[in-house]
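I opened a fresh page for this one and kept my jottings short. Come along and look with me.

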Amino acid sequence: MTNEALQNLINGWIPLLEFTEEGSQFLNISVKPEHFHQLMEQLKSNSETNFDYLFCVTGMDWGKDLGVIYHLESTTHRHIIVVKVKTEDRENPTFDTVSDIWKTAEFHEREVFDFFGIKFNNHPNMERLFLTDEWEGFPLRKDYVDEVNMVIK
Amino acid sequence: MILSINIVENDIFNMLLIAAIYLGIFSVAGLFLVLLERKVAAWFQLRLGPNRVGPWGLLQTMADALKLVSKELTGTIKADKFLYNLAPYFVIISSLMALAVFPFTQEFQAFDINIGIFFLIAISSIGVIGILLGGWASNNKFALIGAMRSGVQTISYELSVGLSLVTMVLLTGTLQLSEIIEVQKSGWLIVQGHIPAIIAFMIYMIAGTAETNRAPFDMVEAESELGAGFHTEYSGMKFAYFFLAEFINMFIIAAIGTTVFFGGWLSPFGITESIPWLGIFWFLGKTFALVFLMMWFRWTFPRLRVDQLLTLEWKYLLPLNLLNIVLMALIVWLGLTIQI
Amino acid sequence: MDTNIANSNLKSEDYFINMGPQHPATHGVLRLLLTIDGEIIKKVEPDLGYIHRSIEKMSERDSYQQIVHLTDRMDYLSSHINNEAVCLTVENALEIEVPERVKVIRTIIGELTRIASHCLWWGVMGMDVGALTTYFYGFRDREMINDIFEETCGARLTMNYNIPGGLMFDIHPNFVKRTKEFVAHFKTKIPEYDKLLTGNVIFQKRMKGVGILSKEDAISFGASGPVARGSGYSCDVRKYYPYSALDKVTFNEALKTDGDSLARYEVRIQEMWESLSIIEQLIDNIPEGDYKVATKAVIKLPKGEFYQKVETARGELGVFINSTGTKNPYRLKFRSPGFSNLSLLNHIAVGGKIGDLVASMATLDLVIPDIDR
């Protein structure tokens, strides 16, 4: 399905979606955290979109906002879409988990939690994956400082 | 040979002398077996093997043994010290004891008892106690799993070793090893007993390999699963005991096979019958051929899984063995053996 | 007598085993927390981070040329393909068209890398199921490839041969000859692999029906590479999103539908044949021309987001770059194949024996630095 067709199809499902193709080779959708899980569920279950392969979950720190970027692909239609969700809450950023939709998300979300401190509601095992439990701070955030270990040019 | 004694004489000095000589010979023989295994492994694996210490690397395992003797003995604090230290001795003593009954030539035999085969089977089951003790007492989870596997495995395969030897005893009518060899002057037992003897030999080799805990039945160590299995916590000389025992056990299994199936020190068609001391070469030659077979298994086969190991024994080898005994009994009863 | 254990005062506890980070079967510093019941696995929980070097964070301060070097250290067995992934991302973002010669050489070396990686996998996989000899056979053939690499780029493992815009330098004059020799040699060696291991009855029993992964689960767990293709999920990036010279060659995607460890094993063996065929199609037709196009000393990517998929020996490697137009990426994410493939280990190992866990883990072909990054 082409990007325009996808945009037209998905646009009706959820209110307040933002579509853009600027600066990216894929169709990007920005969604509000409260509609996020519903959108993802429909992207997977709808037979026309059928995004059954979640291949990349990227945590992002845009400076002001924290968010997550999901790259989705359909193994039947072979189209790709990018879903972005963000929040301004840097103290306690929380999104819904999609690990009930794609099992791979369980690990990827733990990675995002580990490095960005973004929590996922209903996640079966929301613990640090790479770092030790007593680690302070979230290293991939832009405001993370570690004067001992980080070499900054 | 001077080593020939009669146990009834009860000459303590003689016994100690023989014990010392046996210990000396077989620790060296054990080291040689280790070297042989490494060389054989190297041939199988497209490499050279040990070739630096001594001519053709012959002294390599001596150097290894020296290293192991001089190493510090480490252990876990939480280990059950008494059992932990006892375990290696159980293993090494039981395997050295078994060596006493083998007739290496007509005269070279320390201990010719009339229950020779029975003694061997009994002694070889003691070794597993050492492994169980070692695994249990070292207070390590991997060692414990290794020990449990060892118990399961040895108890199962003991049956097959025993029964396949019983099959051959039907043919010989005696348990005494020297007499078993006497019987074979009219043809090696594997020829005399033909079909059931060949089946018994195959079962014996499989079960024998399993009983020495060697690949493809090395569940007990299974380095990719359990690290080092039951001897994970052993070091230095205590580890060396386990290591040496494995190789001496392999020698014992091959020696029993030689004695029971291939005529022990008898030469083929009696070609060197007039020179009795040459028997040692025939004995060792046959034994090392079987040892080589076991090494061949080890370096080419993948390892079985623990449930497959038990399936093999209880569902295939054991019923086959029992049928084979009946077959052998029929053949002996009907006089269908081949006598040369 | 009370025969109901649940009602009695007997307490039962889970038996935990700590497998790794120093364990022969985890091939690196992976730590698995096993909950077992006798020999049967009840739960596998991976604990990662023992070799985490924070390559993504380091990339945020490095220039694009420098980032290429870091990728060698991710999946070190596919180092060339990792380099290629970053270079392709940068080239696509800058809209640089690299010469045909570069594309062909990249593809040939990429496929050689894949064969080398599968050789190593085959060796250690045999060791994991207890066949110790396979290791040396696999390494013998891998050595030839490493020698070819060494002659051309000076490195045997961490190649660093790609740069944004082409290659670091031209191929060695012997490259074509030695590669042909290797292809001829290796064609006689894959049947030897089959003789030694594939047909062995113990091996078949150990692998067949062990660690079954259905196609649906493979997709849901984000599996890729031979792991997914063993479950019948056609996902070869080289087919669906061809890069470099892969659109000029014909090859079959190795697919098996059984989803067990044996299927994953056979897919990799089949892939070695396909890689040989790709090399044969290209090796005689390396076009003449430059081995690189000149790029600026300081590469600045335009503002935007760039994503590039490549097929490493382990599966789909993704490079995601978010650029704000400066000389460093604002955010760079590697979607590593091993990470997703590891996530399904618990799923395929539960209910099996400890030996099954080791066998199925071997067919996942995990490289720990690739998971930890």
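These entries cover the overall build of one chain, then some record annotations.

**Entry 1, ground rules.** I am working with a predicted model here.

**Entry 2, chain C in outline.** I looked up the secondary structure first and found 15 helices and eight strands in chain C. The C-alpha atoms of chain C fill a box of roughly 85 × 50 × 35 Å along the principal axes. I then checked the radius of gyration: chain C has 22 Å, which agrees with the value near 21 Å for a compact globule of 373 residues.

**Entry 3, inside and surface.** How much of chain C is buried? I got 64% of its 373 residues. For contacts in chain C with a separation of 6 or more, I noted that 70% join residues 24 or more positions apart. The accessible surface of chain C is about 12,900 Å², and carbon and sulfur atoms hold 53% of that.

**Entry 4, charges.** I counted 44 positive and 49 negative charges in chain C, with their mean positions 2 Å apart.

**Entry 5, the annotated domain.** An unreviewed UniProt entry gives "domain: NADH-quinone oxidoreductase subunit D" for residues 128-373 of chain C. In the model, I find that stretch of chain C to be 48% helix and 10% strand, with its end C-alpha atoms 24 Å apart.

**Entry 6, over to chain B.** UniProt, again in an unreviewed entry, lists "transmembrane region" for several stretches of chain B, including 187-207 and 316-336. I checked both of these. Residues 187-207 of chain B are 86% helix and 0% strand, and the end C-alpha atoms lie 25 Å apart. For residues 316-336 of chain B, I have 90% helix, 0% strand and an end-to-end C-alpha distance of 26 Å.

Technical notes. Residues numbered from 1 in each chain as written. Chains lettered and ligands numbered in written order. Predicted model: local features only at pLDDT ≥ 70, side-chain atom pairs only at ≥ 80, totals over all residues. Heavy atoms only, no water. Helix = DSSP H or I, 4+ residues; strand = E, 2+ residues; numbered from the N terminus. Rg over C-alpha atoms; globule rule 2.2 N^0.38 Å. Buried < 20%, exposed > 50% of the residue type's maximum accessible area, 1.4 Å probe, protein only. Contact = heavy atoms within 4.5 Å. Areas by Shrake-Rupley, 256 points an atom, 1.4 Å probe, with all protein chains shown as cover. Lys, Arg positive; Asp, Glu negative; His and termini not counted. Charge placed at Lys NZ, Arg CZ, Asp CG, Glu CD. UniProt positions renumbered as here; feature names shortened; annotations may be inferred.
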